[in-house]
Amino acid sequence: MQNSGNHQFRDEVVLVARLMLVLLFLIFGWSKMTNFAGTVSYMAQTGMPLPFLGAVVAIIIEFFVSIAVLLGIFTQPLAVLMALYTLATGFIGHKYWLMTGVARYENEINFFKNVSIAGGFLLLYVTGPGRYALPIGKRS
């Protein structure tokens, strides 16, 4: 069977995909971490029952888990965690079905962006981290 070349840059594409998937979370996780009091305050305003704990969880997942995914550490189980987190934040933070007008439209877009990002993480779960990954937790 002849190789069509479609796998020539597979590992490089997976590496770029990992970066693209976590970039948003790294940026906003860093922002949450460097403005922790503001993050807790924001979560309290959204009605989260335990805003301090919610802020800690958000920072751990968005910043530290994203770094692990980027480096290829425990990529597959963490990709599932990121998919679930992304779906949960979509349901918690973008309740477009309760809104009207422009707010509904903007939140519907963001909700389905979360769904799409979760799909990317599930695909990463299936593909694995590729060749460019630290060997910690990597399947052979």
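Read along the sequence, this chain runs α-α-α-α-α. Its secondary structure amounts to five helices and zero strands. I should state at once that we are looking at a predicted model. The C-alpha trace spans about 60 × 35 × 20 Å along its principal axes. The chain has 140 residues, of which 34% count as buried. Among contacts with a sequence separation of 6 or more, 67% join residues 24 or more positions apart.

I shall concentrate on helix α4, beginning with its geometry. This helix covers residues 75-93, which is 19 residues. At 1.5 Å a residue it should span 27 Å, and its end C-alpha atoms lie 25 Å apart, so the model agrees with the expectation.

Which residues of α4 are buried? They are T75, Q76, L78, A79, M82, A83, Y85, T86 and G90. An α-helix has 3.6 residues a turn, so residues three or four places apart point the same way. The cover over the buried residues of α4 includes α1, residues 10-34, α3, residues 51-71, and α5, residues 101-127.

Let me turn to the partnership with α5. Two packed helices are described by the angle between their axes and the distance between the axes. Here the axes of α4 and α5 come within 8 Å and cross at roughly 170°. An angle over 145 degrees counts as roughly antiparallel, and α4 and α5 are therefore roughly antiparallel to each other. By class, their contact has 15 nonpolar, eight polar and no charged residues. On the α4 side, the participants include T75, A79, M82, A83, T86, L87 and G90. On the α5 side, they include N107, F111, N114, I117, A118, F121 and L124.

Two residues of this helix merit individual attention, and T86 is one of them. Why is T86 counted as buried? Its relative accessibility is 1%, and the cut-off for buried is under 20%. Leaving aside neighbours within four places in sequence, T86 is in contact with F25, N114, I117, A118 and F121.

The other is M82, which touches F25, I61, V65, S66, V69 and F121, again not counting residues up to four places away in sequence. F25 and F121 thus appear in the contact lists of both M82 and T86.

M82 leads us to the nonpolar core. In soluble globular proteins, nonpolar side chains tend to be buried together. The largest nonpolar core here has 23 residues, and V69, M82, F121 and L124 touch the most other members. Two or more residues each are given to this core by α1, α2, residues 36-45, α3, α4 and α5. The largest share, seven residues, comes from α3.

Finally, I consider the two ends of α4. Just before the helix, F74 lies in the loop between α3 and α4. Most residues other than glycine have a negative phi, and most peptide bonds are trans. F74, although not a glycine, has a positive phi of about 50°. Is F74 buried or exposed? With a relative accessible area of 40%, F74 is partly exposed.

At the other end, G93 still belongs to helix α4. G93 has a relative accessible area of 41% and is partly exposed. G93 and N110 are 17 residues apart in sequence, with a C-alpha to C-alpha separation of 9.0 Å in space.

Conventions:
Residues are numbered from 1 along each chain as its sequence is written. This is a predicted model: local features need pLDDT of at least 70, side-chain atom pairs count only at pLDDT 80 or more; totals for chains, interfaces and linings use all residues. Side-chain values use heavy atoms; hydrogens and water are left out. Helices (H or I, at least four residues) and strands (E, at least two) are DSSP runs, numbered from the N terminus. The expected span of a helix is 1.5 Å times one less than its number of residues. Buried means under 20% relative accessible area, exposed over 50%, partly exposed in between (1.4 Å probe, protein chains only). Contact means heavy atoms within 4.5 Å. A nonpolar core is a set of buried Ala, Val, Leu, Ile, Met, Phe, Trp, Tyr and Cys residues joined through side-chain atoms within 4.5 Å. Axes are lines fitted to C-alpha atoms, for helices over the stretch in contact, and angles run from 0 to 180 degrees between N-to-C directions. Angles under 35 degrees count as roughly parallel, over 145 as roughly antiparallel, 65 to 115 as roughly perpendicular and the rest as oblique. Ala, Val, Leu, Ile, Met, Phe, Trp, Tyr, Cys and Pro count as nonpolar, Asp, Glu, Lys and Arg as charged, and the others, Gly among them, as polar.
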